Amino acid sequence: MPAAQSARASATKTDDTLLREVVEGLSQVHKQLPSKYFYDSAGSRYFDEICQLEEYYPYRTELAMLPGIADDLSHLIRDQRDVVEFGAGSLVKIRLLLQHLPQIKRLLPIDIAGDHLREAAAELRREFEHLEIVPIVADFTRQVELPDRNKVKKLGFFPGSTIGNFTPLQAVAFLDRARRSLGAGALLLIGVDTKKAPEILHRAYNDKLGVTAKFNRNILTHINREAGGDFDEDKFDHYAFYNPTQGRIEMHLISREQQVVTVEDYQFAFSKGENIHTENSHKYTPEEFLTLAAEAGWRGVRKWLDDEELFCVHLLQA
Ligand code: AVJ
């Protein structure tokens with residue numbers, strides 16, 4: 001198997017983690033894949049495309065709220081701060097904060113898609129010449145060491161309701177970890193998608209143009225490249241639905257036929273109609289979220305809701 005051999009020879013530590021997690025997920029009785037592996041460069045671009053869709057209300061709703069929030073923050077935050085963005089992506093939202101908050105001298109954007117992050121950081125540097133930008137290529141589902149912890153106070157920024165990818169239990173663990181790594185006196189500005197009519201939710205994850213379907217399937221191509229797999233994207237259908245009992249959108253890939261897929265030296269059998277669970281996107285009422293945050297040692301300072309109550313941004317204090 002020459003292709004797999006060379007993939008292994010050039011495998012970095014991160015690639016080993018990916019292979020291990022992929023094999024572990026596909027070995028479960030109910031097959032699953034970690035949603036962080038949506039985000040290679042292509043996946044990050046697909047996500048940007050999703051954000052431009054009429055159906056995908058979370059992005060534009062939060063984006064429209066941010067200038068007002070930034071203005072309020074400029075009165076609430078007086079001291080110098082580093083901003084730490086979790087899952088920074090294309091660094092679009094942070095611009096709206098930076099424009100209103102001159103007390104931010106340094107930005108520490110964290111993202112798992114390294115090339116995409118470095119390009120976005122280079123572009124941001126041209127716009128904010130006096131801002132120090134230190135891109136951190138890391139998986140924030142694990143502990144991330146930040147520079148000058150407890151020395152320079154931190155404002156964490158976790159927009160887009162990415163917190164929803166975690167189960168409530170994982171979300172508490174993440175919030176607890178984030179509180180520790182942000183250090184003494186930390187603040188966290190976090191965007192959380194609210195519970196709402198299931199038709200609105202359903203449309204947001206089943207867009208007419210099929211961009212979400214492409215985004216979902218791309219996880220297979222990413223795995224093929226990084227872990228020596230032979231998935232055929234065309235043999236899997238996108239399936240997304242709202243599960244009201246769990247309060248979450250679930251995304252799955254459904255095998256169109258009986259097939260065997262190879263990932264490095266491992267083989268995985270799929271029956272026709274068998275699913276891979278690729279993503280959860282949990283929705284919380286503002287009260288539910290504050291209860292969760294409290295379990296992780298954060299208290300709510302302020303919250304902002306849009307008029308239609310489609311999206312909520314919380315400011316938390318450690
Ligand atoms: C980036 C995790 C917030 O859950 O809405 C968009 C990802 N998945 N469409 C979300 C996503 C399908 C998005 N998050």
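Visitor: Why is D40 counted as buried or exposed, whichever applies, in this structure?

Guide: In this predicted model, D40 has 21 C-beta neighbours inside 10 Å, and since the cut-off for a buried residue is 20 or more, D40 counts as buried. The residue sits in the loop between α2 (13-26) and α3, and, leaving aside its neighbours within four places in sequence, D40 is in contact with A113 and H222.

Visitor: How far apart are the C-alpha atoms of D40 and Q259?

Guide: The two C-alpha atoms are separated by 25 Å, and D40 and Q259 lie 219 residues apart along the chain.

Visitor: What makes L18 buried or exposed, and which residues is L18 in contact with, leaving aside its neighbours within four places in sequence?

Guide: L18, which lies in helix α2, has 21 other C-beta atoms within 10 Å; a residue needs 20 or more to be buried, and therefore L18 is buried. Its contacts, with those sequence neighbours left aside, are Y37, E226 and A227. The C-alpha atoms of L18 and A227 are separated by 7.1 Å, although their positions lie 209 residues apart along the chain in the sense that they are that far apart in sequence.

Visitor: Why is D148 called buried or exposed, and what is the sign of its phi?

Guide: D148 has 12 other C-beta atoms within 10 Å, and because a residue with 12 or fewer is exposed, D148 belongs to the exposed residues. D148 is found in the loop between β4 (136-137) and β5 (154-158), and its phi is near 55°, a positive value in a residue other than glycine. Most residues other than glycine have a negative phi.

Visitor: What makes E309 count as it does, with its 13 C-beta neighbours inside 10 Å?

Guide: A count of 13 falls between the limit of 12 or fewer for exposed and that of 20 or more for buried, so E309 counts as partly exposed. E309 is placed in the loop between β12 (299-305) and β13 (311-317), and phi of E309 is near 55°, again a positive value in a residue other than glycine.

Visitor: How do you know whether the length of helix α4 agrees or disagrees with the expected span?

Guide: Helix α4 (residues 57-76) has 20 residues, which at 1.5 Å a residue should span 28 Å; the end C-alpha atoms are 28 Å apart, so the two values agree. A kink of about 40° nevertheless lies at L66 in α4, shortly before the proline P67.

Visitor: Which residues of α4 are buried, and what covers them?

Guide: The buried residues of α4 are P58, Y59, T61, E62, M65, L66, I69 and L73, and what covers them includes α3 (41-51), α5 (93-98), β6 (187-193), α8 (198-204), β12 and β13. P58 also belongs to the residues around the ligand, together with I50, G160, S161, T162, G164, N165, Y205, T212, E279 and S281. That shell divides into three nonpolar, seven polar and one charged.

Visitor: How do you know how compact the protein is for its length?

Guide: The protein has 10 helices and 13 strands. Its radius of gyration is 20 Å, close to the 20 Å that the globule rule gives for 318 residues, so the protein is as compact as a globular protein of that length. Along its principal axes the C-alpha trace spans about 60 × 45 × 35 Å, and buried residues make up 38% of the 318 residues.

Methods: Residues are numbered from 1 along each chain as its sequence is written. This is a predicted model: local features need pLDDT of at least 70, side-chain atom pairs count only at pLDDT 80 or more; totals for chains, interfaces and linings use all residues. Helices (H or I, at least four residues) and strands (E, at least two) are DSSP runs, numbered from the N terminus. The radius of gyration is taken over C-alpha atoms; the globule rule is 2.2 Å times the number of residues to the power 0.38. A residue is near a molecule or strand if its C-beta atom, placed from the backbone, lies within 6 Å of it. Ala, Val, Leu, Ile, Met, Phe, Trp, Tyr, Cys and Pro count as nonpolar, Asp, Glu, Lys and Arg as charged, and the others, Gly among them, as polar. The expected span of a helix is 1.5 Å times one less than its number of residues. The bend at a residue is the angle between axes fitted to the seven residues ending there and the seven starting there. Two residues are in contact if their C-beta atoms, placed from the backbone, lie within 7 Å.
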